[in-house]
Amino acid sequence: MEKKRIIAVVGATGAQGSGLCRAILNDRDGGYGVRALTRNTESAKAKELAKMGAEVVRADVDDVESLKNAFQGAYGAFCVTFFWDHFSPEKEVAEAKNMAVAAKHAGIGHVIWSTLEDTRNWIPLSDNRMPTLSGKYKVPHFDGKGEANRAFSELGLPRTFLLTSYYWENLIYFGMGPKKAADGKLYITMPMGDKKLPGIASGDIGKCAYAIFRNGREFIGKIVGIAGDHLTGYQMAAALTKALGKEVLYNDVFPDSYRALGFPGAEDLGNMFQFKHDFEDYFCGVRSLDFSRSINPSMHTFESWLAENKDRIPLEEDVRLVSGE
Ligand SMILES: NC(=O)c1ccc[n+]([C@@H]2O[C@H](COP(=O)([O-])OP(=O)(O)OC[C@H]3O[C@@H](n4cnc5c(N)ncnc54)[C@H](OP(=O)(O)O)[C@@H]3O)[C@@H](O)[C@H]2O)c1
């Protein structure tokens, strides 16, 4: 029997990594196997992956030696960091460096780094259209990842930089679902004007990553952007209205109003939406829908994602929101 090519998956119990593990494990004859990295091999999610056929190993992205061990003998490595666990771009850069060093040490044949744009290449810190955050970032959870690309390039690794998109699961888990405002109506709130937001079902990221590993020759050395739909806030609200059977309106606020909402990360996300708004052509252009579907034909649209997930979207009250701002 031919030996399987092992893909070491960082964040295997999370949104991006678990999608990749499932894509590989569901393709039994594909010639690839999964090594799932987790900090806790005894968790329910880790045990589920083991039951599905993954090799589950302990590793922590803050511990380079654990990564070296976990990457040893693997063909591929899927690398991702976890900004919202700590809100530190510096930590993301250090963790990416750990993964790059471990990949080099293990002689990995193909690394996929799940990254985002360093927005400072579009909006220098001197550009006052949006505030500079923590003294040296415009969009901290983007900029650290984009800066960390260098860690992989400098070591000459065979790598693909994967530019992901806004997860529609943010409507379920990230407080971005429709909220009932003081006027009793349901609103989704984003400072996007009439510009399009590339979105994706987070599980599709892993399916795309698997396609990229399988076609390494084509994708090594490339930057690859993916999305399932490009939709305006109005289009997202209309799709939600149809799926939920309740009217949902789009609350198009100014970026300053969004940044002032006061929840942790509001300024970062306000700047993020403004970046996507101001650079819509680039941002959508690099995340081509045709290309994304060509590597993952089962890619969800927002409509098909809603058909599967509408009942999981919490409809909360938030009277802070002022419509039409
Ligand atoms: N939300 C969005 O719209 C969006 C869009 C694009 C990109 N992103 C980016 O996606 C990244 C997060 O990826 P995700 O959504 O797949 O994560 P996730 O679902 O939050 O899962 C993270 C998993 O990683 C593991 N983990 C956390 N800290 C770790 C550490 N120190 N060492 C090793 N493993 C660790 C955890 O597993 P164990 O507990 O089993 O170790 C956890 O299950 C963020 O950086 C975010 O900026 C988000």
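A residue counts as buried when its relative accessible area is under 20%. I begin with that cut-off because the first residue I wish to discuss, S66, has a relative accessibility of 7% and is therefore classed as buried. Please bear in mind throughout that we are looking at a predicted model.

Let us stay with S66 for a moment. This serine is located in helix 3. Setting aside residues up to four places away in sequence, S66 touches R58, A59 and D60.

Helix 3 leads us to its packing against helix 5. Helix 3 covers residues 64-71 and helix 5 covers residues 89-106; their axes lie 8 Å apart, at an angle of about 40°. At that angle, helix 3 is oblique to helix 5. The crossing of helix 3 past helix 5 is right-handed. On the helix 3 side, the contact is formed by V64, L67, K68 and F71, and on the helix 5 side by N98, M99, V101, A102, A103, H105 and A106. Sorted by class, the residues of this contact are eight nonpolar, two polar and one charged.

Helix 5 also packs against helix 6. How closely do the axes of helix 5 and helix 6 come, and at what angle do they cross? They come within 8 Å and cross at roughly 25°. Helix 5 is therefore roughly parallel to helix 6, since angles under 35 degrees are counted in that class. The crossing of this pair is right-handed. From helix 5, the residues involved are P89, E92, V93, A96, K97, M99 and A100, and they meet P140, H141, G144, K145, E147, A148, A151 and F152 of helix 6. This contact divides into nine nonpolar, two polar and four charged residues. You may notice M99 in particular: this methionine takes part in the contact with helix 3 and also in the contact with helix 6.

Just beyond helix 6 is L155, in the loop that runs between helix 6, residues 140-154, and strand 6, residues 159-163. Is L155 buried, partly exposed or exposed? Its relative accessibility is 31%, so L155 counts as partly exposed. Not counting residues up to four places away in sequence, L155 touches A100, V101 and K104. L155 and L186 are 31 residues apart along the chain, and their C-alpha atoms are separated by 49 Å.

I turn now to the third helix pair, helix 1 and helix 2. Helix 1 comprises residues 15-26 and helix 2 residues 44-52; the two pack at an angle of about 15°, with 10 Å between their axes. Helix 1 and helix 2 are therefore roughly parallel to each other. Here the crossing is left-handed. C21, R22, L25 and N26 of helix 1 make the contact with E48, L49 and M52 of helix 2. By class, the residues of this contact are four nonpolar, one polar and two charged.

Next, the interior. In soluble globular proteins, nonpolar side chains tend to be buried together. In this model, the largest nonpolar core has 58 residues, and those that touch the most other members are L20, L37, F71, F78, F152 and L162. Which helix gives the most to this core? It is helix 8, residues 202-214, with seven residues. For L20, leaving aside neighbours within four places in sequence, the contacts are I7, V9, F78, G206, A209, Y210 and F213. There is also a second, separate core of 38 residues, which includes I172, L231, M236 and Y250. Two residues of the largest core link back to the helix pairs: F71 belongs to the contact of helix 3 with helix 5, and F152 to that of helix 5 with helix 6.

Finally, a word on the backbone. Most residues other than glycine have a negative phi. F87, however, has a phi near 60°, a positive value. F87 lies in the loop between helix 4, residues 83-86, and helix 5. With a relative accessibility of 39%, F87 counts as partly exposed. S134 likewise has a positive phi, near 50°. S134 is located in the loop between strand 5, residues 110-115, and helix 6. Its relative accessible area is 64%, so S134 is exposed.

Thank you; I shall be glad to take questions.

Notes
Residues are numbered from 1 along each chain as its sequence is written. This is a predicted model: local features need pLDDT of at least 70, side-chain atom pairs count only at pLDDT 80 or more; totals for chains, interfaces and linings use all residues. Side-chain values use heavy atoms; hydrogens and water are left out. Axes are lines fitted to C-alpha atoms, for helices over the stretch in contact, and angles run from 0 to 180 degrees between N-to-C directions. Helices (H or I, at least four residues) and strands (E, at least two) are DSSP runs, numbered from the N terminus. Angles under 35 degrees count as roughly parallel, over 145 as roughly antiparallel, 65 to 115 as roughly perpendicular and the rest as oblique. A crossing is left-handed if the near helix is turned anticlockwise from the far one by less than a right angle, and right-handed if clockwise. Contact means heavy atoms within 4.5 Å. Ala, Val, Leu, Ile, Met, Phe, Trp, Tyr, Cys and Pro count as nonpolar, Asp, Glu, Lys and Arg as charged, and the others, Gly among them, as polar. A nonpolar core is a set of buried Ala, Val, Leu, Ile, Met, Phe, Trp, Tyr and Cys residues joined through side-chain atoms within 4.5 Å. Buried means under 20% relative accessible area, exposed over 50%, partly exposed in between (1.4 Å probe, protein chains only).
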